[in-house]
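Me: I have a model open and want to learn how to read its packing. Can you take me through it feature by feature?

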Amino acid sequence: MIVLLFPCLNTHFADDTAVSISEKNDEELETKLNTAFSNVLDWCSSNFIALNVSKTNFIIYGRKSNICPRITRVTSSKYLLSISRVKMTKYLGLVIDESLSFKTHIQNLRLKISRYVGLMRRLKLCLPYSALRSIYFALIQTNINYCSLVYLSTFKSHIKPIQILQNKALRILKLFIPSPIELPNKSSTASLYTYLDILPVSQQFAFGAILFKINYDIKKLPPYYLHQSLFSQSQDLHNYNTRQKKNIYIDKYNTERSKFAPFVSIARCWDAHKALIDKFSSIHLIKRKLKFHLVQDYF
């Protein structure tokens, strides 16, 4: 574990390590970045590990564009090494950009899923339904699910191309299954999602956000989240008998993009579906009813 001289978040997975630093002042941020880089090099030296500087970089991200334009490199005077700033970086398969819009990650995902949909279209002539269904879940749904709680917290216009491709893939499967029972006042696509027990991409964030909040309440999340007070109800902050007193308190945000901040998005999804969640006590039942409700709510 890398030990730094100030509060930060270290994440490790196999041989990939990320150090996250938060600071509002540009000068303080630059000082912390240089110190953190030197600390990482010290740790690597003491543990006989060579840092691949060519694959190491840093990114400054936030909801505003062009943050800290004068910080372009981070240097270590002790080791005479430096790393450059990038506008986007890939960590554990997730492409993170400076504005946290995840447009690049979604574009890459769209190209990948588009190839798989084309594969399903060609194979439908020679494979049975069971094989095509396995291909869909192995190649398409798994890619959509990966880090969905992160990259789907963005504008609907960014997600729409993925939604269109998902609909195309399911229509290929529809050719091989008995016609599902049509739901009243709903399209055949909505009935297909319900029949296959699959969530539309546009509703998948809400499903993951609500499960995150439930696991936070029952303390089944990693220790990092359990030691922080992430959510508080409005009635905890004032004594007024308002209709939203049991809703999660959300700080005012200045820009439209700020409403996609992770815990703001989770709080908004929780408040929107709290009435449905309160009806059931079993997590398994909540998942089943919530899936059905989200599909009907989307179409």
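Me: Which residues does Met120 touch, leaving out those up to four places away in sequence?
Reply: This is a predicted model. In it, Met120 touches Leu132, Ile135, Tyr136 and Ile140. Met120 also touches Ala169, Ile172 and Leu173.

Me: Where do nonpolar side chains tend to be in soluble globular proteins?
Reply: They tend to be buried together. Here the largest nonpolar core has 53 residues. Met120 is among the members that touch the most others, along with Ile113, Tyr136, Ile140, Tyr151 and Leu170.

Me: Which elements give two or more residues to this core?
Reply: One strand is on the list: β6 (94-97). The helices are α2 (103-123), α3 (129-145), α5 (156-174), α6 (188-196), α7 (201-217), α9 (262-277) and α10 (283-298). The top contributor is α7, with 10 residues.

Me: What does the second core include?
Reply: That core is separate and has 10 residues. Leu29, Ile60, Ile71 and Val74 are among them.

Me: Now the helices. What describes two packed helices?
Reply: Two values do: the angle between their axes and the distance between the axes. For α2 and α5, the angle is about 15° and the axes are 9 Å apart. Angles under 35 degrees count as roughly parallel, so α2 is roughly parallel to α5. The crossing of α2 past α5 is left-handed.

Me: Which residues make the contact between α2 and α5?
Reply: From α2 come Lys103, Ile106, Leu109, Arg110, Ile113, Ser114, Val117, Met120 and Arg121. From α5 come His158, Pro161, Ile162, Leu165, Lys168, Ala169, Ile172 and Leu173. Met120 turns up again, here on the α2 side.

Me: How many residues of that contact are nonpolar, polar and charged?
Reply: The split is 11 nonpolar, 2 polar and 4 charged.

Me: Let's turn to the backbone. What is the phi of Asp197?
Reply: Asp197 is not a glycine, yet its phi is positive, at about 60°. Find Asp197 in the loop between α6 and α7.

Me: Is Asp197 partly exposed or buried?
Reply: Buried means under 20% relative accessible area, and exposed means over 50%. Asp197 has 47% relative accessibility, so Asp197 counts as partly exposed.

Me: And where is Lys219 found?
Reply: Lys219 is in the loop between α7 and α8 (223-226). Its phi is also positive, near 60°, and Lys219 is a residue other than glycine. With a relative accessible area of 60%, Lys219 is exposed.

Key:
Residues numbered from 1 in each chain as written. Predicted model: local features only at pLDDT ≥ 70, side-chain atom pairs only at ≥ 80, totals over all residues. Heavy atoms only, no water. Core = buried A, V, L, I, M, F, W, Y, C linked by side-chain atoms within 4.5 Å. Buried < 20%, exposed > 50% of the residue type's maximum accessible area, 1.4 Å probe, protein only. Helix = DSSP H or I, 4+ residues; strand = E, 2+ residues; numbered from the N terminus. Contact = heavy atoms within 4.5 Å. Axes fitted to C-alpha atoms, helices over the stretch in contact; angles between N-to-C directions. Parallel < 35°, antiparallel > 145°, perpendicular 65-115°, else oblique. Left-handed = near helix turned anticlockwise from the far one by under 90°. Nonpolar A, V, L, I, M, F, W, Y, C, P; charged D, E, K, R; others polar.
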